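Dear colleague,

Please find below the structure I promised to pass on to you, together with its sequence. My notes on it follow directly after.

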Amino acid sequence: MKNLIYILTDYKDYFGSKIITFPHRSGMDKDMLKQYLKEKQFEVIYLSFPEIDLRKHDFRNRFVLYTSTEDFGYYYKSYIEDLIHALSLQGAFLIPPYRFLRATNNKVFMEMLRDLSDLNDLKNIRSKYFGSLGGLLKNLGEFTDDPYVIKKAAGAGSSGVYLSKNRSDLIKKCKRVSRTKHLRGRILEYARSLKHKNYYPDSKYRNKFIVQNFIKNLKNDWKVLIYGDKYYIFQRGVRENDFRASGSRKFIFTEEIPQGILEFCKKIFEHFNVPNISLDIAFDGNEFYLLEFQGLYYGTYGLEHSPFYYLYENAGWKIIHEKSILEQVFAESIVSFIYLNYMNKI
């Protein structure tokens, strides 16, 4: 069936992320989403992840939307990644592609996608990614006494994000983010080192992390959500005596935005080729920087609370003063993406 979309839900039977929900963190309203997609001539079948049997079901050339999760430890996300990767190997039309699931709440892979990109606008953020503290120490000569931003691979709302003061502080902060706490494993490793001569025990610092250049003197950054042709933007002030804006809750919806920021975001959005995206943008007065991005399962505050959004029409930006409904805007972005990318392949 050409206009059929499978939507995969988690073990709670939830799909997607949404700020204003009841019960709390229960995702989008599935009935509303189904109705808005139906109005666009698309039928929806909801399936939970365990209902998929790869021996019986063939999703080749089928449209598949899916959710992610922010469960502690990302145990269930690991399972979702396995299944979505398998569906990509089977030939499903995954929306968005698997790599964006892998990059969700995974800053190391996010930075790898940046490095693989041929879009030069992304390259003014330069990250080194490591799988252990030893990797940093072997490459310490690449770092100066300048401040650096250190980030755990996983984390939201600025958790696991630190700023080093100098090179010794860089090592100290990287120790903090990379430390692996596993008492039984440490005891076993110690016993092995006593039993076996020249045994090299596993490192206590094996959590992956990134180190990237620091942008000085920022008073705020900008959160930009893009759904198809609709752009939602708001300002996030940095915390008191801090350099971080994410999670500050100091949000301002203002039409006084830096000139060129929407064009910068549009270029990134078109480059990644996804139906919707969340972008964290910094502006130092001269350059725009893409701090982070997510292609699914991100905060929707900017859409649900914004009194306006921007449209790009006739080679210019037009502001629309109205509130938006997440499920409606999401459905529009999905259908537009399908027609642009897949309809000629079926």
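Leaving aside its neighbours within four places in sequence, which residues is Leu279 in contact with? In this predicted model, the contacts of Leu279 beyond those neighbours are Trp222, Lys223, Val224, Ile226, Cys265, Ile268, Leu290, Glu292 and Phe293.

Leu279 also belongs to the largest nonpolar core, which has 47 residues. Together with Leu8, Ile84, Leu87, Phe272, Ile281 and Phe293, Leu279 touches the most other members of that core. Helix 8 (residues 261–272) supplies the largest share of this core, namely seven residues. There is, in addition, a second, separate core of 31 residues, with Ile95, Tyr298, Leu303 and Phe330 among them.

I turn next to the sheet. It is open and consists of four antiparallel strands in the order 5-8-6-7. Strand 5 (127–130) and strand 7 (161–163) lie at the edges, each pairing on one side only. From one strand to the next, the twist averages 20°.

Within the sheet, strand 6 (residues 148–152) and strand 8 (residues 209–213) run antiparallel and are joined by five bridges. One of the pairs involves Lys151, whose bridge partner in strand 8 is Ile210.

Two helices pack on this sheet. Helix 4 (residues 107–116) touches strand 5, strand 6 and strand 8, and its direction makes about 135° with that of strand 5. Helix 6 (residues 167–178) touches strand 6, strand 7 and strand 8, and its direction makes about 10° with that of strand 6.

With kind regards

Notes: Residues are numbered from 1 along each chain as its sequence is written. This is a predicted model: local features need pLDDT of at least 70, side-chain atom pairs count only at pLDDT 80 or more; totals for chains, interfaces and linings use all residues. Side-chain values use heavy atoms; hydrogens and water are left out. Two strands pair if DSSP finds at least two bridges between them. Axes are lines fitted to C-alpha atoms, for helices over the stretch in contact, and angles run from 0 to 180 degrees between N-to-C directions. Contact means heavy atoms within 4.5 Å. A nonpolar core is a set of buried Ala, Val, Leu, Ile, Met, Phe, Trp, Tyr and Cys residues joined through side-chain atoms within 4.5 Å. Buried means under 20% relative accessible area, exposed over 50%, partly exposed in between (1.4 Å probe, protein chains only).
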